Each structure stands twice: as C-alpha cells, then as structure tokens.
Amino acid sequence: MSGIGFESAGLAAAHSIHNGLTVLAETHSFYHGEKVAFGVLAGLQLTDASTGESATVFSFCEDVDLPTTLADVGLGNVDRERLMDAAKKTCAPGQPIHHEAGLITPEKVFNAMIAADAIGRGRKSVEGTPERESFRVRRI
C-alpha cells in the first residue's frame with residue numbers, strides 16, 4: 001500500500017523530506033518512519049492542507065508518539081542554513097517530491113518544515129506537555 005501512495009504523490013513529500021533530513025547527522029539515530037511522520041506533517045503545510053486535516057494528523061501522531069517537531073527528530077537546535085541544506089536535498093532531481101502538484105522549491109519545503117515545527121511546538125505548549133529534549137528518551 002505504501003508504494004501505491006508513494007507513486008501517486010500521496011507520500012511523495014513525506015518521503016522526500018525524510019531523504020532530505022538524512023543530510024543532518026542528528027537525525028541518523030531516528031527510524032525512517034519517524035522522519036517520514038514529520039515529513040507528513042510538513043507535507044500538509046507544503047500543500048496547504050486545511051486546518052482540520054492538519055489537526056487530525058497532528059493528533060494521530062501525538063496519540064501514537066510520533067515526532068511532531070524538529071526537536072523530536074534531533075533537530076531542536078538546527079540552524080536555518082543546515083535546515084535549508086535538507087530542503088535542497090529534498091528537492092534534488094529524481095526525488096519523489098516532484099510528483100506533488102505545482103512547483104516545489106527548497107524555500108517552500110524549508111518554510112513547510114518550519115511551519116510544521118511551529119504547529120507541533122504550539123500544540124505541546126497548549127497541552128501543557130513539556131517539550132521533549134529528545135524523542136529517543138521516551139523509548140523503552
């Protein structure tokens with residue numbers, strides 16, 4: 001099923017964002033699916049998903065303890081230049097993000113990752129849940 005969603009653009013941004021994040025060593029200890037989960041959230045911002053749809057997916061990720069912020073994938077202190085490097089790799093020729101509708105640029109991806117992170121951090125502070133230093137700390 002994943003392959004069908006991937007090829008039809010349903011997961012194109014999410015998997016490309018995962019691929020882009022791999023240029024940052026801080027993400028190497030996280031699972032593929034953890035980075036893809038953050039990529040799904042960023043992809044929703046990239047494609048201007050409705051607030052309701054975005055909230056539903058954020059809630060699901062929170063419920064099953066998937067990353068919802070950059071800090072949750074080891075990037076709590078990443079600088080903008082390095083995050084832009086990840087956005088550039090996300091948009092490299094041959095990446096599946098080019099299956100998405102419209103022209104996708106590194107700047108758009110960068111802004112989508114920043115937006116998803118801001119939403120995730122905002123939801124954590126509203127819920128009174130302290131920001132986790134590392135998603136990995138919660139693993140058994």
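1. A polar contact is a pair of N or O atoms within 3.5 Å; within protein, one atom must be able to donate a hydrogen and the other to accept it. In this predicted model, the side chain of Thr27 lies 2.9 Å from the backbone oxygen of Leu24, a distance that falls within that limit.

2. The surroundings of Thr27 merit a description of their own. Thr27 sits in the loop that connects α2 and α3. Its relative accessibility is 0%, and Thr27 is therefore classed as buried, the cut-off being under 20%. Leaving aside residues up to four places away in sequence, Thr27 is in contact with Leu21, Thr22, Lys35, Val73 and Leu75. Among these partners of Thr27, Leu21 also belongs to the α2 side of the contact between α2 and α3, and Lys35 to the α3 side.

3. As to the overall make-up, the protein has six helices and zero strands. The order of elements from the N terminus is accordingly α-α-α-α-α-α. Of the 140 residues in the protein, 41% are buried. Among contacts with a separation of 6 or more, 69% join residues that are 24 or more positions apart.

4. Helix α2 covers residues 12–21 and helix α3 covers residues 32–46; the two pack with their axes 7 Å apart, at an angle of about 120°. Because of that angle, α2 is oblique to α3. The handedness of the α2 and α3 crossing is right-handed. From α2, the contact draws on Ala13, Ala14, His15, Ile17, His18 and Leu21. From α3, it draws on His32, Lys35, Val36, Phe38, Gly39, Val40, Ala42, Gly43 and Leu46. Sorted by class, the residues of this contact between α2 and α3 are nine nonpolar, five polar and one charged.

5. The pairing of α3 with helix α4 (residues 51–63) has another geometry: the axes come within 10 Å and cross at roughly 175°. The two helices are therefore roughly antiparallel to each other, as angles over 145 degrees are assigned to that class. On the α3 side, the contributing residues are Val40, Leu41, Leu44 and Gln45; on the α4 side, they are Glu53, Ser54, Val57, Phe58 and Cys61. The contact of α3 with α4 comprises six nonpolar, two polar and one charged residues.

6. One residue links the two helix contacts. Val40 of α3 is listed in the contact with α2 and also in the contact with α4.

Definitions and conventions
Residues are numbered from 1 along each chain as its sequence is written. This is a predicted model: local features need pLDDT of at least 70, side-chain atom pairs count only at pLDDT 80 or more; totals for chains, interfaces and linings use all residues. Side-chain values use heavy atoms; hydrogens and water are left out. Axes are lines fitted to C-alpha atoms, for helices over the stretch in contact, and angles run from 0 to 180 degrees between N-to-C directions. Helices (H or I, at least four residues) and strands (E, at least two) are DSSP runs, numbered from the N terminus. Angles under 35 degrees count as roughly parallel, over 145 as roughly antiparallel, 65 to 115 as roughly perpendicular and the rest as oblique. A crossing is left-handed if the near helix is turned anticlockwise from the far one by less than a right angle, and right-handed if clockwise. Contact means heavy atoms within 4.5 Å. Ala, Val, Leu, Ile, Met, Phe, Trp, Tyr, Cys and Pro count as nonpolar, Asp, Glu, Lys and Arg as charged, and the others, Gly among them, as polar. Buried means under 20% relative accessible area, exposed over 50%, partly exposed in between (1.4 Å probe, protein chains only).
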